[in-house]
Amino acid sequence: MSATASTSSVSQSQGNVARLVVDRLGRVWEWLTEPNAVVVGSEQRRRARLLAGMLVFIIPLGFIGVVIIPLATVPTFQLFNDPFVLAVIVAEVLMTACYILSRTRYHATGAPLLILTISGTIFFGIRTAQDPLPLIMYLGLNTLLASLLMPLRTTVIVGFLSTASVLLPPLLRPQGLSVSSETNAFTFVLITSILTIAASDMRNRDLHRIETQSNELAAAVRQAQLASKLKDQFLANMSHELRTPLNAIIGFTEVMLMGLAGDLPAQAKRATERIHANSERLLKLIDDILDISKIEAGRVDIHKRPFEPAELLNTIETSIRPQAAKNELSLITELDPALPREMVGDAKRLEQILLNLASNAVKFTERGSITVSLKRLNEQEWAVVVSDTGIGIPPHAQETIFEKFRQVDGSTRRAYSGTGLGLAIVRELALLMDGNVKVKSTLGSGSTFTVTFPLIVPEKTKSVWTNLN
Amino acid sequence: MSEWDSATADHILIVDDDPDTREILDLVLGTLEIPVHQARDGREALNDILTSRPRLIMLDLSMPGLDGRAVLDALRVSADTAALPVIVFTASPVTPELAEQLHVPPSRILRKGNLSMTRLRDIALGILGRPFAQSMFDTQPIRSEDS
């Protein structure tokens, strides 16, 4: 166990180092190529960044290839004697200017300057080299560079000029290049240019399409966000608007039942009681519908903080005891002494789960008892268990009762009041808290609902708790 | 609504923009045999608090103009008014976060519709029945001469 742990931690730390290196390199790269802030437009910025990025590689490579390597390997090499080396050094200076330009708002002038510099160097090489043919081939490079750094129309012009320049007699035939070599070079540069321009055109179209699509997507996302915000607002407003008149109805019926609006005849009192009970049921329904729609929209936050299981159980007992007493049921609460005194979780949501389960139990139990217990299952889990001696749930219904608006069958809905949302809320809330709901039931003798949760102990009490064990 | 009279300075102040809620609270708290004042918004509430001295404030949160939060903030400006017992009576769900935002103990925030009026009356009676100066902020007690 400990061996595996240490191996995994080593590989993890190697991974961390690699990630750190990549991260640092990425930052250096950003620092070297980040376009000037005044350059706007994704395509403009991309070109500026590409130009800077290319030069970051080309400048040192040219320097190494033409100066450092010959100095180190050719004993007779003298820097300023070879005219081609001098040309490359001039080109290096010009390319450094291109790099500086690429980091300014004038980055667009960097690309033509780079192409001119490279062309000039190639032409110079052609004039001085023993065998100019390989260098002529490099003229194709211009079109490639143009396709990467310039708009399509400019790329076509550069491609045309590069290809045509192969045929320029004074440039290319100082040493009397053979006609077949010249044809080869011409064909090569022509094909390279055509392919590059075609590829560049296709890429531009793709980029354009992707950009259009991503703009459309971004617009759609913005619209969806706005719509969901409006929906949230609507739900919140609706909740408030529905509750206000309902609160008035409930309040005034209570005022009447308290005898504050004069004495009520017995029948009027019964009717008022029914109004009151139904209004409360409607209020509960509104709350449940809002709860379930919030949960489904992923807009319920779980606030994990320390709470005392004993206090939670106490709250449930206070709320459920009157209901149980009304139905002449005994209410038993059990707190497992093995549970820590303090745990971490969302006490409000746990309370909601327990209240839903317990009032369900009261609703479906005619005689006997309701037991609410908080138990420690093992090192990692604890559970709330609510069991009753009620009518029970037939096996075929044990899955569907957690769906919305499901009670065991249509007739039970009339017999047992309720929103039909309680268990759906319990399940959704339990899932949000990494919990798990199970039901065990025997028809006619009762049901047991168990919701298990991961056991989390607050940091400050953890050491005490491990010592106790 | 009862007239304020300097001889019987203490009264209950109901602050809510909804006339139904004001009337229900007036009827229920009227049984405590203490004068009840009504205010339709934060401005009227502060006027009442400045001219007389309520023994208990039932405060709604969302009101047009000066809302309940603004009233709570205004009360905290002076130690005198900060000591007044307030019950926040709101339509919003009561969460630990709300209590923290308002700096009011959760037990003093009641949600409309979620508790019976009998219970509300008991809670009010519990606060009024204590020695007069017991406040929600546990600052210095107010002497009746102050009002």
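1. A helix here is a DSSP run of H or I with at least four residues, and the helices are numbered from the N terminus. With that in mind, a reader new to this predicted model may begin at A:N184, which is placed in helix α9 of chain A. A:N184 counts as partly exposed, since its relative accessibility is 49%. Along the chain A:N184 stands 48 residues from A:I136, and the C-alpha atoms of these two residues are separated by 9.9 Å.

2. Helix α9 of chain A, which covers residues 179–257, also meets the other chain, for it packs with helix α1 of chain B, residues 19–30, at an angle of about 20° and with the two axes 10 Å apart. Angles under 35 degrees count as roughly parallel, and α9(A) is therefore described as roughly parallel to α1(B). As for the sense of the crossing, α9(A) passes α1(B) in a left-handed manner.

3. The next matter is how helix α9 is joined to a later part of chain A. A:D287 and A:R243 form a salt bridge in which the closest N and O atoms are 2.8 Å apart. A:D287 belongs to helix α10, residues 266–296, while A:R243 belongs to helix α9, so the pair ties together parts of chain A that are 44 residues apart in sequence. Both partners merit a look for their cover: A:D287 is buried with a relative accessible area of 19%, and A:R243 is buried with a relative accessible area of 0%. Buried means under 20% relative accessible area, and the value of 19% for A:D287 should be read with that cut-off in view.

4. Helix α10 of chain A holds a further pair, A:D288 and A:K284, which lie four residues apart, or about one turn of the helix. Their salt bridge brings the closest N and O atoms to 2.9 Å from each other. The cover of the two partners should be stated separately: A:D288 counts as buried at 3% relative accessibility, whereas A:K284 is partly exposed, with a relative accessible area of 38%.

5. A comparable arrangement can be described for helix α11 of chain A, residues 309–326, where A:R321 and A:E317 both lie, four residues apart and about one turn of the helix from each other. These residues form a salt bridge with the closest N and O atoms 2.5 Å apart. A:R321 counts as partly exposed at 37% relative accessibility, and A:E317 is partly exposed as well, with a relative accessible area of 22%. Elsewhere in chain A, the residues A:E30, A:E34, A:R45 and A:R49 are linked in a network of salt bridges, and the count over all chains comes to 21 salt bridges.

6. After helix α11 of chain A comes a loop that leads to β2 (330–335), and A:E328 is placed in this loop. The phi of A:E328 is near 55°, which is a positive value in a residue other than glycine. A:E328 is exposed, its relative accessible area being 71%.

7. Chain B also has a residue with a positive phi that is not a glycine, namely B:E33, where the value is about 60°. B:E33 lies in the loop between α1 and β2 (36–39) of chain B, and α1 of chain B is the helix that packs with α9 of chain A. With a relative accessible area of 75%, B:E33 is exposed.

8. Chain B as a whole can be outlined by its elements, which comprise six helices and five strands and run β-α-β-α-β-α-α-β-α-β-α from the N terminus on. Chain B has 147 residues, of which 49% count as buried. Within this outline, B:G113 is found in the loop between β5 (109–111) and α6 (117–129), and B:G113 is buried, with a relative accessible area of 14%. B:G113 and B:F89 stand 24 residues apart in sequence, while their C-alpha atoms are 9.9 Å apart in space.

9. A last point concerns the surface of chain A, where A:F63, A:I64, A:I68 and A:I69 make a nonpolar patch of about 340 Å². One of these residues, A:I69, is found in helix α2, residues 42–73. Patches are made of residues with over 30% relative accessible area, and A:I69 counts as partly exposed at 43% relative accessibility.

How values were computed. Residues are numbered from 1 along each chain as its sequence is written. Chains are lettered from A and ligands numbered from 1 in the order in which they are written. This is a predicted model: local features need pLDDT of at least 70, side-chain atom pairs count only at pLDDT 80 or more; totals for chains, interfaces and linings use all residues. Side-chain values use heavy atoms; hydrogens and water are left out. Patches are made of residues with over 30% relative accessible area and no salt bridge: like charges are joined within 9 Å, nonpolar side chains (Val, Leu, Ile, Met, Phe, Trp, Tyr) within 5 Å. Accessible areas come from the Shrake-Rupley method with a 1.4 Å probe; for residues, only the protein chains shown count as cover. A salt bridge is a side-chain nitrogen of Lys or Arg within 4 Å of a carboxyl oxygen of Asp or Glu. Helices (H or I, at least four residues) and strands (E, at least two) are DSSP runs, numbered from the N terminus. Buried means under 20% relative accessible area, exposed over 50%, partly exposed in between (1.4 Å probe, protein chains only). Axes are lines fitted to C-alpha atoms, for helices over the stretch in contact, and angles run from 0 to 180 degrees between N-to-C directions. Angles under 35 degrees count as roughly parallel, over 145 as roughly antiparallel, 65 to 115 as roughly perpendicular and the rest as oblique. A crossing is left-handed if the near helix is turned anticlockwise from the far one by less than a right angle, and right-handed if clockwise.
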